[in-house]
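Open your viewer, clear any old selections and switch on side chains. We will go from stop to stop, and at each one you will hear what to select and what is there.

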Amino acid sequence: MKLLENARFYTMKKEGDYVDNVLLDGGKIQAVNVNPADYPTATRLDLNGDTVFPGFVDSHIHLLWYGQALDRLNLNETKTKQEAIEQMIERKEMLTEGEWLFVEGYDENKWTDDNTLLTANDLDQVSETVPVLVRRIDYHSVSINHAFLNAISLTKDASFSGGGEIVVDENGELTGILKDNATDLAIQAFKAPTTKEMSHWLTLAIQDLFKKGITGAHSEDLHYFNGFKGTLDVFRQTITAKMPFRAQLLIHHAELGVFKQEKERFMDGNEFVELDAVKIFFDGTVGSRTAYMSMGYADSPDNHGLKIHSDEEFIAIVKEARKLELPVAIHILGDAAFSSVLSVLKKYPPKSGLHDRMIHTPWLTDELIEEAKDMPLLFDIQPQFMASDLPWALDVLGENYPKRAFAWKTLLKNNLTLAFGSDAPIEIPNPFYGIHAAVTRTTNHDLNGKAYFENEALTTYEAISLYTTGSAKASYKPFSRGKIAPGYDADLTVVATNPFEVPNSDLRDIKVTQTFVSGEKVY
């Protein structure tokens with residue numbers, strides 16, 4: 001047994017509720033507020049006056065992509081296009097002969113010299129001979145140089161499945177920009193990763209998340225790497241009692257055929273790796289002008305974005321998930337996308353006791369929320385998107401943007417269930433970045449300045465609850481995770497500063513000091 005003491009342990013049963021010590025027995029919480037004299041053989045751990053919460057869970061992440069992003073050159077922090085190009089030139093010089101360059105994370109909205117998407121002409125400055133691919137931060141667009149275009153013999157008429165775009169200029173020439181499903185034409189030209197590489201990326205990701213106080217995550221990875229079986233095996237071989245982490249994995253819709261062949265074996269996972277809902281992409285993103293919007297875009301009102309699938313294809317995927325008694329988890333950015341999805345889910349609801357996940361949903365209306373509130377839904381929200389996407393997204397959408405923007409308070413007031421995550425590697429998976437965004441409603445460009453849609457601000461307690469009790473609901477484990485109480489999993493996040501006792505502006509700076517998973521100290 002371990003007795004953790006000298007800390008304030010917030011139970012998350014209700015606001016302000018805390019206990020003074022916690023007794024762990026194996027991977028469970030045995031008791032709270034005990035008399036230490038009653039447990040003379042327990043190992044006593046002094047937490048130095050820190051503050052403790054149930055283990056934070058990131059309810060939307062891509063673990064292998066995040067590990068890749070940690071391993072590759074990532075342009076997320078570059079401030080100009082020229083700086084990005086210079087960093088790529090430096091990394092290109094490190095390549096071995098015959099190796100192609102894959103770069104992550106650029107965000108043109110952060111650049112002060114030229115905030116346009118990278119093109120083949122831009123990337124030719126990196127190399128005219130080595131194929132170069134750069135993936136935009138939202139994972140819905142890639143850019144490749146002319147060496148890459150030539151290497152894969154890409155033409156503007158190349159075919160790909162689902163919604164996407166091979167972007168051409170006014171003369172009909174390839175720009176090197178590929179959007180949504182068209183990105184596969186370039187990405188799939190790289191060799192499939194080995195089991196060793198995937199295990200390395202997964203380990204990198206999890207060890208980084210431990211430092212950030214994250215004890216588990218809901219992740220979608222089982223389609224993009226080494227096939228459903230091979231990738232799932234990597235998760236189950238890497239995440240064990242030696243490196244415990246609560247991984248709940250979505251099943252990409254394209255893998256349903258494989259899943260159906262051996263459903264029982266796949267669902268029979270270990271303690272730390274479980275399968276969950278069927279992931280479906282409905283539309284794209286605002287940054288790529290592919291989010292499916294009712295009113296179009298400011299600079300192209302006739303462009304309403306795109307649907308990844310036809311209506312018939314989308315319905316067929318939902319029906320197939322229902323045959324397998326699975327809920328669905330749907331990527332939705334635009335208000336028109338949300339409306340379309342609701343109409344289908346009403347016709348084909350999940351099995352009793354299950355909920356469908358509405359992922360992202362930043363652009364809503366009162367009418368859509370009213371329509372959704374009695375449905376079995378969980379809103380899978382990334383609060384940092386607001387901090388990254390505003391104010392530029394308002395300019396992109398124009399004055400007719402849906403007025404319930406990033407409407408988390410309204411969703412809670414309507415008794416809808418929310419869980420918070422980061423969508424890393426698109427955002428940095430630091431829960432306190434998300435908490436800061438949810439509470440202050442400020443942006444990365446002006447962290448403690450102008451607040452956007454202030455009526456939607458959450459309290460600190462509400463924001464923390466969406467990484468704890470909210471994530472437990474997302475996992476169907478509200479009575480075993482997300483609270484500090486007897487019988488619950490011994491997953492704990494320890495921080496140096498009490499977030500309830502600092503100004504809201506300081507929430508982003510709170511540091512994690514220790515992390516426990518299943519009773520084991522992992523950081």
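## Stop 1: a charged pair and its network

Select Arg246 and Glu271: they form a salt bridge, with their closest N and O atoms 3.5 Å apart. (A salt bridge here is a side-chain nitrogen of Lys or Arg within 4 Å of a carboxyl oxygen of Asp or Glu.) Arg246 sits in strand β13 and Glu271 in the loop between α9 (263-267) and β14, so this pair ties together parts that are 25 residues apart in sequence.

Before moving on, a word on what you are looking at: this is a predicted model, in which local features need pLDDT of at least 70 and side-chain atom pairs count only at pLDDT 80 or more, while totals for chains, interfaces and linings use all residues. Residues are numbered from 1 along each chain as its sequence is written, and side-chain values use heavy atoms, with hydrogens and water left out. Helices (H or I, at least four residues) and strands (E, at least two) are DSSP runs, numbered from the N terminus.

Now colour the two partners by accessibility. Arg246 is buried, with a relative accessible area of 6%, whereas Glu271 is partly exposed at 48%. (Buried means under 20% relative accessible area, exposed over 50% and partly exposed in between, with a 1.4 Å probe and protein chains only.)

Extend the selection to Lys28, Arg481, Asp489 and Asp491; together with Arg246 and Glu271 they are linked in a network of salt bridges.

## Stop 2: strand β14 and its partners

Next, select residues 273-281, which make up strand β14. How many of its nine residues are buried? Eight of them are, so the strand is largely enclosed by the rest of the structure.

Add residues 246-252, strand β13, which runs parallel to β14 and is joined to it by five bridges. (Two strands pair if DSSP finds at least two bridges between them.) Across this pairing, Ile251 stands opposite Val278.

Then add strand β15 (residues 328-332), which pairs with β14 in the parallel sense over four bridges. Here Ile280 has Ile330 as its bridge partner. Show helix α10 (residues 311-323) too, and you have a right-handed β-α-β unit made of β14, α10 and β15. (Right-handed means that, with the strands pointing away from the viewer, the path from the first strand over the helix to the second runs clockwise.)

Zoom in on Val278, in β14. Val278 counts as buried, at 0% relative accessibility. Beyond its neighbours within four places in sequence, Val278 is in contact (heavy atoms within 4.5 Å) with residues including Ile251, His253, Leu256 and Ala321. Leu326 is another of these contacts; the C-alpha atoms of Val278 and Leu326 are separated by 6.8 Å, although their positions lie 48 residues apart along the chain.

## Stop 3: on to β16 and β18

Select residues 356-360, strand β16, where five of five residues are buried. β15 and β16 run parallel, joined by four bridges, and Ile330 stands opposite Met358. To follow the chain from β15 to β16, display helix α11 (residues 335-347): this β-α-β crossover is right-handed.

On to strand β18 (residues 377-381), which runs parallel to β16 and is joined to it by four bridges. Met358 has Phe379 as its bridge partner in β18.

## Stop 4: a buried acid without a salt bridge

Select Asp423, in the loop between β20 (417-420) and α16 (431-440). Which side chain of opposite charge is nearest to Asp423? Lys279, 6.4 Å away; Asp423 is buried yet has no salt bridge. (Lys and Arg count as positive, Asp and Glu as negative; His and the chain ends are not counted.)

Show His62 as well: its side chain makes a polar contact with that of Asp423, at 3.0 Å. (A polar contact is a pair of N or O atoms within 3.5 Å; within protein, one must be able to donate a hydrogen and the other to accept it, and residues adjacent in sequence count only if both atoms are side-chain atoms.) Among the other residues in contact with Asp423 are Asp58, His360 and Phe385.

## Stop 5: two buried salt bridges

Finally, select Glu104 and Arg135, whose salt bridge has its closest N and O atoms 2.8 Å apart. Glu104 is in strand β7 (residues 101-106) and Arg135 in strand β8 (residues 132-136), 31 residues apart. Glu104 is buried at 1% relative accessibility, and Arg135 is buried at 4%.

Arg136 and Asp138 also meet in a salt bridge (2.9 Å, N to O). Arg136 counts as buried at 3%, as does Asp138 at 8%.
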